[in-house]
Amino acid sequence: MCEHSSNGLHRRSLFKRAAAASALAATSLAGIGVPSLAYAAAMTREQRDKMSPDDIIESFKEGNRRFRDGKMMQHDYRAQKRATATGQFPAAVILSCIDSRTPAEILLDVGIGETFNARIARNIQNDDILGSMEFACAVVGAKVVLVMGHTACGAIRGAIDGAELGNLTGLLDKIKPAIPRTKYDGDRSGSNYDFVDAVARTNVEMTMEQIRSNSPVLKKLEDDGEIKIAGSMYHLVGGEVEFY
Ligand SMILES: [Zn+2]
């Protein structure tokens with residue numbers, strides 16, 4: 001845990017402070033004052049670097065709670081766009097599914113410049129995605145690699161059912177090792193969404209393992225405590241992002 005964990009940074013997350021600054025920026029644009037904060041609408045290097053990986057994950061949990069409660073931040077995207085035009089200091093890189101119902105930035109209530117995002121069916125890793133993650137963490141300084149699966153994933157179901165179609169066949173083949181590895185008593189078919197979700201969870205865990213084994217760069221950063229590789233599942237019903 002970082003030195004800030006006990007002094008209230010968790011409770012007053014960076015993302016909240018960034019949003020507050022965004023509100024102040026909007027105020028200045030309205031001609032009321034504080035023009036020096038007009039460019040503080042997005043995350044600064046100083047703000048990001050004060051946070052530990054655990055702080056960032058806690059901020060994601062708070063953001064998802066706001067999403068579920070319908071109390072999301074009022075993001076001033078235009079101010080965030082201006083603030084990030086000449087640089088970015090994102091806190092995390094998120095790997096999630098292309099599913100139209102799983103936009104990570106909305107589910108976690110974060111704004112422009114706060115997270116890198118890679119989306120691909122069933123959130124698999126490959127060399128290009130690993131390279132992107134290494135860029136995010138080793139070059140730009142992101143501190144969390146978050147793999148996000150989701151319930152009722154069509155790609156997982158397709159893999160279980162042995163679906164075949166063009167290039168999709170090869171993609172689904174990469175999911176198949178997660179199927180026998182999933183402990184599940186009962187109907188192990190794609191029509192049983194309890195089983196589909198269990199395989200999706202295994203798939204997240206295997207993706208995390210593959211990131212560590214296929215990227216010595218990210219593995220070393222994690223071993224040194226510079227980053228954290230974390231897993232999560234988004235529940236389509238209820239909207240919770242469950243971290244584990
Ligand atoms: Zn999916």
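These are my notebook entries on confidence, salt bridges and aromatic contacts in a predicted model.

**Entry 1, confidence.** I looked up the confidence values before anything else, and I found that the protein chain averages a pLDDT of 85, with 83% of the residues scoring at least 70. Over residues 1-14 the pLDDT is below 50, and I noted that this stretch nevertheless has 29 contacts in the model beyond near neighbours in sequence. I made a similar note for residues 17-40, where pLDDT stays under 50 and the model has 24 contacts beyond four places in sequence.

**Entry 2, salt bridges.** I then asked how many salt bridges the structure holds. The search returned eleven, and I looked up three of them in detail, starting from the general point that side chains of opposite charge can pair when their charged atoms come close.

The pair that I took up to begin with was Asp99 and Arg101, whose side chains meet in a salt bridge at 2.8 Å, N to O. I wanted to know whether each partner is buried or exposed. Asp99 counts as buried, because its relative accessibility of 12% falls under the 20% cut-off, whereas Arg101 is partly exposed, with a relative accessible area of 43%.

I went next to Asp161, which forms a salt bridge with Arg157, and recorded 3.6 Å between the closest N and O atoms. Both belong to helix H7 (residues 154-161), and because they are four residues apart in that helix, they are separated by about one helical turn. Asp161 is partly exposed, with a relative accessible area of 47%, and Arg157 also counts as partly exposed, at 29% relative accessibility.

For Asp223 and Lys219, I found that the side chains meet in a salt bridge of 2.8 Å, N to O. Helix H10 (residues 216-223) contains both residues, which lie four residues apart, or about one turn of the helix. Asp223 counts as exposed, since its 51% relative accessibility is over the 50% limit, while Lys219 is partly exposed, with a relative accessible area of 31%.

**Entry 3, aromatic pairs.** My search of the whole structure for aromatic pairs gave two. In one of them, the rings of Phe116 and Phe135 have their centres 6.0 Å apart and their planes at 75 degrees, so I entered the pair as edge-to-face. This pair links distant parts of the chain, since Phe116 is in strand S2 (residues 115-119) and Phe135 is in helix H6 (residues 127-139), 19 residues apart. I checked accessibility here as well: Phe116 is buried, with a relative accessible area of 15%, but Phe135 counts as partly exposed at 40%.

Tyr184 and Phe195 also form an aromatic pair, which I entered as tilted, with 5.3 Å from centre to centre and 50 degrees between the planes. Which parts of the structure does this pair tie together? Tyr184 lies in the loop between helix H8 (168-173) and helix H9 (193-214), and Phe195 lies in helix H9, so the pair ties together parts that are eleven residues apart in sequence. Tyr184 counts as partly exposed, at 23% relative accessibility, and Phe195 counts as buried, at 0%.

**Entry 4, a charge over a ring.** Finally, I looked at Arg201 and found that this residue lies over the face of Tyr244, at 4.9 Å from the ring centre.

Note on methods. Residues numbered from 1 in each chain as written. Predicted model: local features only at pLDDT ≥ 70, side-chain atom pairs only at ≥ 80, totals over all residues. Heavy atoms only, no water. Salt bridge = Lys/Arg side-chain N within 4 Å of Asp/Glu carboxyl O. Buried < 20%, exposed > 50% of the residue type's maximum accessible area, 1.4 Å probe, protein only. Helix = DSSP H or I, 4+ residues; strand = E, 2+ residues; numbered from the N terminus. pLDDT = per-residue confidence, 0-100. Contact = heavy atoms within 4.5 Å. Phe/Tyr/Trp six-rings, centres within 6.5 Å; stacked < 30°, edge-to-face > 60°. Lys NZ or Arg CZ within 6 Å of the ring centre and 35° of its normal.
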